[in-house]
Amino acid sequence: MKRIVAVVAVLAFVLAACAEDPGTVDSPRRIEIDAAEMAFDPDSIDITPGETVEFVITNSGALTHELVVTNQEEIDEHLEAGHEEEAHEGEAPLEVEIEPGETKSLVVTFDETDHMARFACLIEGHYEAGMHGDFSFQE
Ligand SMILES: [Cu+2]
C-alpha cells in the first residue's frame with residue numbers, strides 16, 4: 001500500500017511539473033500537437049526561452065505532413081525557392097515528417113529563439129493553405 005501511495009505522489013508531482021515548469025534536457029515539457037489538412041492544433045504555443053520541449057505530433061489527416069521549427073525569414077526563402085531547397089545546417093534536427101495516422105515526437109531546446117519563432121509544414125501548398133503556427137516566448 002505504501003508503494004502505491006508513493007507512485008501516486010510521484011505521478012502527481014510529474015503532472016504538476018508539466019503544467020508549470022519549463023522543460024529541461026533531462027525532463028522535456030511534453031506538448032501535443034495535432035496536424036491535419038491544413039492546420040496545426042494548437043497554432044500558438046507559449047515557450048520559456050531556453051527550455052526543452054518534446055512535441056508529440058499526431059497526423060490525423062489523410063496526407064503526409066511535417067513540422068519544422070523555423071522563422072519567417074527561412075520560411076520566405078523556402079517559398080521563394082519553390083520548395084526545392086531543403087535547409088539542413090548540420091545541427092540538431094528541427095523537423096519531423098509524419099505519415100497519416102502516425103504519431104512522432106520531436107525534442108527541441110529553445111536556445112536560439114530568434115531562429116525558432118514559428119513552426120510550419122513546408123510541404124508544397126501546405127504552408128500557403130494555413131499549416132503554420134507561432135511560438136510566443138515568455139520570460
Ligand atoms: Cu502539411
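## Strand partners in β9

Let's start with a single bridge: Ser44 has Asp134 as its bridge partner in β9. The model you are looking at is a predicted one. That pair belongs to a parallel arrangement, in which strand β3 (residues 44–47) and strand β9 (residues 132–137) are joined by four bridges.

Strand β9 also pairs with β8, this time in the antiparallel sense and over three bridges. Here, His132 in β9 stands opposite Ala120. As a reminder, strands of a sheet pair through backbone hydrogen bonds, and the pairing can be parallel or antiparallel.

## The four-stranded open sheet

Another part of the fold is an open sheet of four strands. Reading across, the order is β2-β1-β4-β7, and the pairing is mixed. β2 (39–41) and β7 sit at the edges, each pairing on one side only. On average, neighbouring strands of this sheet are turned by 30 degrees against each other, with direction ignored.

Within this sheet, seven bridges hold β4 and β7 together as an antiparallel pair. If you would like a place to begin looking, take Thr58, whose bridge partner in β7 is Thr103.

## The nonpolar core

Which residues touch the most other members of the largest nonpolar core? They are Ala35, Phe55, Ile57, Leu67 and Phe119, out of 20 residues in that core. Two or more residues each come from β1 (29–36), β4 (52–59), β5 (65–70), β7 (103–109) and β8 (118–120). In general terms, nonpolar side chains tend to be buried together in soluble globular proteins.

Leu67 is a good residue to zoom in on. Beyond its neighbours within four places in sequence, Leu67 contacts Ile33, Ala35, Phe55, Ile57, Glu95, Val96, Leu106, Phe119 and Cys121.

## A closer look at Glu95

One name among the contacts of Leu67 is Glu95, a residue of strand β6 (residues 95–98). Is Glu95 buried, exposed or partly exposed? Glu95 counts as partly exposed because 18 other C-beta atoms lie within 10 Å, while a buried residue would need 20 or more.

Setting aside residues up to four places away in sequence, Glu95 touches Glu66, Leu67, Val68 and Val69. There is also a distance you can check against the coordinates: Glu95 and Phe119 are 24 residues apart along the chain, and their C-alpha atoms are separated by 9.2 Å. Phe119 appears in the contact list of Leu67 as well.

How values were computed. Residues are numbered from 1 along each chain as its sequence is written. This is a predicted model: local features need pLDDT of at least 70, side-chain atom pairs count only at pLDDT 80 or more; totals for chains, interfaces and linings use all residues. A nonpolar core is a set of buried Ala, Val, Leu, Ile, Met, Phe, Trp, Tyr and Cys residues joined through C-beta atoms within 7 Å. A residue is buried if 20 or more other C-beta atoms lie within 10 Å of its own, exposed if 12 or fewer, and partly exposed in between; C-beta atoms are placed from the backbone. Two residues are in contact if their C-beta atoms, placed from the backbone, lie within 7 Å. Two strands pair if DSSP finds at least two bridges between them. Axes are lines fitted to C-alpha atoms, for helices over the stretch in contact, and angles run from 0 to 180 degrees between N-to-C directions.
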